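Thanks for coming. I will take you through one structure, starting with a pair of helices and then moving to salt bridges.

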Amino acid sequence: LVSRTMPVDSIIIADHCRNLATKWVFHVSDPMSCRMVRGLTWKNSLAALINRYWLKRAFRHADAFSVTCDNALKYYREMLGPIVGTKPCFVTTHIGDFALRSETKQELVCEKPYVGKLIVHPGELHKQRGGQAILDSVARLNARGRACTFVQAGNVNRAMEPLIEQAKHVAIYNRESIGLAVSATQLADVVFVPDYSIGNRYSGTLMSKFVYQVYEDKPIVVYSVYDSAKRRYAEKYPEAGIFWADKTRPESLDDALERAFSFDAAKIDRRQIRAEFSAKAVASKFVSDINQLI
């Protein structure tokens, strides 16, 4: 039995079905919310408590579990305590060349009527995911004479709405759509992939969005803390056109964007990094890890 998180329903179902299987492998994926902090609404607090309860049950009952990167394991150990680590664990990254990729229907967006370089962020935008940082960076670059436009292709968090409405050099497609994200990305000069903030010490996520963009042909700017899988991939494969900006120093985003603007997209070579995220490589490793349990 193989299960994964998000939504939590999958954990509940797998926990009830575990006795019907020889082994239960729990793929935790990127960290799901289970942190109790001040300022959460009662709904978010309740969701975090429910997630913590079922995550602990899964870590207790599963025969093994996998995560998308080593830092995700660190996150769960900090959040849930010593129960994490009592069973075998292995890394199973996201897959970039997934089977449905070629079947995604694109949505028509206007033909780049924007000024200067086009920076596209596909996905939901909010403060914890670099929303304020990218608006500030684009404003600074334009003030210095580096013409660029930020395009948000996806939902805008409510707290971000007034900020993005007041910002200059910004265009918004405020709806969730895979086809829209794909179309906007193809028009981009640079794709912006910000990390979700869980603090300044490390990043617990690899993010499927990052892996998907590795299979596109545009320069990528990743915005994360130093201790992150995305920063390590950017440094491991300098030929891949991936540029890291330090989330603890928002002004570093200006330099990363400038470097991405200047990078010749025709020279991007992602053969080696794509090999890490191919369906064949990821599935083969996953099967090999499971076979060691049997």
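In which kind of crossing, left-handed or right-handed, does α2 pass α3? The crossing of α2 past α3 is left-handed. Before I go on, please keep in mind that this is a predicted model.

Helix α2 covers residues 42-61 and helix α3 covers residues 70-80. Their axes are 11 Å apart, and the packing angle is about 110°. Angles from 65 to 115 degrees count as roughly perpendicular, and α2 and α3 are therefore roughly perpendicular to each other. On the α2 side, the contact is made by Arg52, Leu55, Lys56 and Phe59. On the α3 side, Tyr76, Met79 and Leu80 take part. Sorted by class, this contact has five nonpolar residues, two charged ones and no polar ones.

Next, helix α8, residues 229-236. Which of its residues are buried? They are Ala229, Lys230, Arg231, Tyr233 and Ala234. The elements that cover them include helices α7 (208-214) and α10 (271-277), along with strands β9 (220-224) and β10 (242-246).

Lys230 brings me to salt bridges. Side chains of opposite charge can pair when their charged atoms come close. The count for this model comes to 15 salt bridges, and I will show a few.

Lys230 pairs with Asp195, at 3.1 Å from N to O. Asp195 sits in the loop between β8 (190-194) and α7, while Lys230 is in helix α8, so this salt bridge ties together parts that are 35 residues apart in sequence. Are these two residues buried or exposed? Both Asp195 and Lys230 are buried.

Helix α8 has another residue to mention, Lys236, whose side chain meets that of Glu276 in a salt bridge of 2.8 Å, N to O. Here the link runs from helix α8 to helix α10, with the two residues 40 apart in the chain. Glu276 counts as partly exposed, because its relative accessibility is 26% and the buried class ends at 20%.

A further salt bridge joins Glu258 and Arg146, with their closest N and O atoms 2.9 Å apart. Glu258 belongs to helix α9 (residues 252-262), and Arg146 to the loop between α4 (131-143) and β6 (148-153). These two are 112 residues apart. Glu258 is partly exposed, at 23% relative accessible area, and Arg146 is partly exposed too, at 25%.

To close, back to the crossing: what I would look at on screen is α2 passing α3 in its left-handed arrangement, and then the buried pair, Asp195 and Lys230.

Methods: Residues numbered from 1 in each chain as written. Predicted model: local features only at pLDDT ≥ 70, side-chain atom pairs only at ≥ 80, totals over all residues. Heavy atoms only, no water. Axes fitted to C-alpha atoms, helices over the stretch in contact; angles between N-to-C directions. Helix = DSSP H or I, 4+ residues; strand = E, 2+ residues; numbered from the N terminus. Parallel < 35°, antiparallel > 145°, perpendicular 65-115°, else oblique. Left-handed = near helix turned anticlockwise from the far one by under 90°. Contact = heavy atoms within 4.5 Å. Nonpolar A, V, L, I, M, F, W, Y, C, P; charged D, E, K, R; others polar. Buried < 20%, exposed > 50% of the residue type's maximum accessible area, 1.4 Å probe, protein only. Salt bridge = Lys/Arg side-chain N within 4 Å of Asp/Glu carboxyl O.
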